[in-house]
Amino acid sequence: MRDCFAVSEELLIFAANLPATETDTPATDGLTNGQIINFQNNIIMYSDPKECLYCTNNETLHNLMIEFATLRVSRAFLFKEQTYRGRCLVAYNGHVNDLNELSDEERNDFMADVAQVTRAMQKAFNPEKINYGAYSDKLSHLHFHLAPKYVDGPDYGGTFQMNPGKVYLTDAEYQEMIEKIKAVL
Ligand SMILES: [Zn+2]
């Protein structure tokens, strides 16, 4: 099945039930996988919002993170894997692929949200530096990973790992961490 979400001279969005694959194949009538955006002649593959963990708030989302705040245009989460103490994530409200697709106002609001959270993380946990990661090659929903780094901590001076799968806390410890951030958010 294919639904048409929006049509304009410059922007065509199509969605299908199957997940997106990595390809630069142009949109055709035979489209069967994911969404395709034709934006000023650039073809971009999009993942399906119906399978997006942020849009559906599914179990995968709850296994990975805990939502703790609603911001201007996004939501803030504590990442459950806590190799990088205090690690959080900010996800944009809409199923948008990239920062460069937002209007100036939307982008300013989103970055204000991101900075609000990292400022609170800095106050709450006092890391040496906070690393920002916006990757999502296969999940086209704008979000920033916010990974605090400590001089004697893991991967200081290098790139943080997406999910080391090593450090998990108790529910009470997660809650304590969230309270610390929220107190200075
Ligand atoms: Zn989404």
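## Packing around helix H3 in a predicted model

The buried residues of helix H3 pack against strand S6 (74-79), strand S7 (88-92), strand S8 (129-133), strand S9 (143-149) and helix H4 (171-182). Helices (H or I, at least four residues) and strands (E, at least two) are DSSP runs, numbered from the N terminus. A residue is buried if 20 or more other C-beta atoms lie within 10 Å of its own, exposed if 12 or fewer, and partly exposed in between, with C-beta atoms placed from the backbone.

This is a predicted model, in which local features need pLDDT of at least 70 and side-chain atom pairs count only at pLDDT 80 or more, while totals for chains, interfaces and linings use all residues. Residues are numbered from 1 along each chain as its sequence is written.

**Confidence and overall make-up**

The average pLDDT (the predictor's confidence in each residue, from 0 to 100) is 83 for the protein, and 76% of the residues score at least 70. Residues 1-35 have a pLDDT below 50, and this stretch has 66 contacts in the model beyond near neighbours in sequence. Two residues are in contact if their C-beta atoms, placed from the backbone, lie within 7 Å.

The protein contains four helices and nine strands, in the order β-β-β-β-α-α-β-β-β-α-β-β-α along the sequence. Of its 185 residues, 25% count as buried. Among contacts between residues at least 6 apart in sequence, 52% join residues at least 24 apart.

**Helix H3**

H3 covers residues 104-125; its 22 residues should span 32 Å at 1.5 Å a residue, and the end C-alpha atoms are 31 Å apart, which agrees. The expected span is 1.5 Å times one less than the number of residues. Phe110, Asp113, Val114, Val117, Thr118, Ala120, Met121 and Ala124 are the buried residues of H3. Seen down the helix axis, they fall within an arc of 160°, so they line one face of H3; the arc is that of the directions from the helix axis to the C-beta atoms. Asp104, Glu105 and Ala115 are exposed on the other side of H3. After H3 comes Asn126, with a positive phi near 50°.

**Strand pairing**

Two strands pair if DSSP finds at least two bridges between them. The pairs below involve S5 to S9.

| Strand pair | Sense | Bridges | One opposite pair |
|---|---|---|---|
| S5 and S6 | antiparallel | five bridges | Ile66 and Leu78 |
| S6 and S7 | antiparallel | five bridges | Phe77 and Leu89 |
| S7 and S9 | antiparallel | four bridges | Ala91 and His143 |
| S8 and S9 | antiparallel | five bridges | Lys129 and Lys149 |

S5 comprises residues 65-70, and a hairpin of three residues joins S5 to S6. S9 pairs with S7 and with S8; six of the seven residues of S9 are buried.

**The nonpolar core**

A nonpolar core is a set of buried Ala, Val, Leu, Ile, Met, Phe, Trp, Tyr and Cys residues joined through C-beta atoms within 7 Å. The largest such core has 28 residues, of which Phe77, Cys88, Leu89, Val90, Val117, Met121 and Leu146 touch the most other members. S6, S7, H3, S9 and H4 are the elements that give two or more residues to this core. H3 supplies its largest share, six residues.

Phe77, the bridge partner of Leu89 in S7, has contacts outside its neighbours within four places in sequence: Met65, Ile66, Glu67, Phe68, Cys88, Leu89 and Ala91.

**Helix H4 and Ile178**

H4 has 12 residues and reaches 16 Å from its first C-alpha to its last, close to the 16 Å expected at 1.5 Å a residue. Met177, Ile178 and Ile181 are buried in H4. Seen down the axis of H4, these residues fall within an arc of 100°, so they line one face of the helix. Ala172, Glu176 and Glu179 are exposed on the other side of H4. The buried residues of H4 pack against S5, S6 and H3.

Ile178 counts as buried because 20 C-beta neighbours lie inside 10 Å. Leaving aside neighbours within four places in sequence, Ile178 is in contact with Ile66, Phe68 and Leu78. Of these, Ile66 and Leu78 stand opposite each other, with Leu78 in S6. Ile178 and Gly86 are 92 residues apart in sequence, and their C-alpha atoms are 8.8 Å apart in space.
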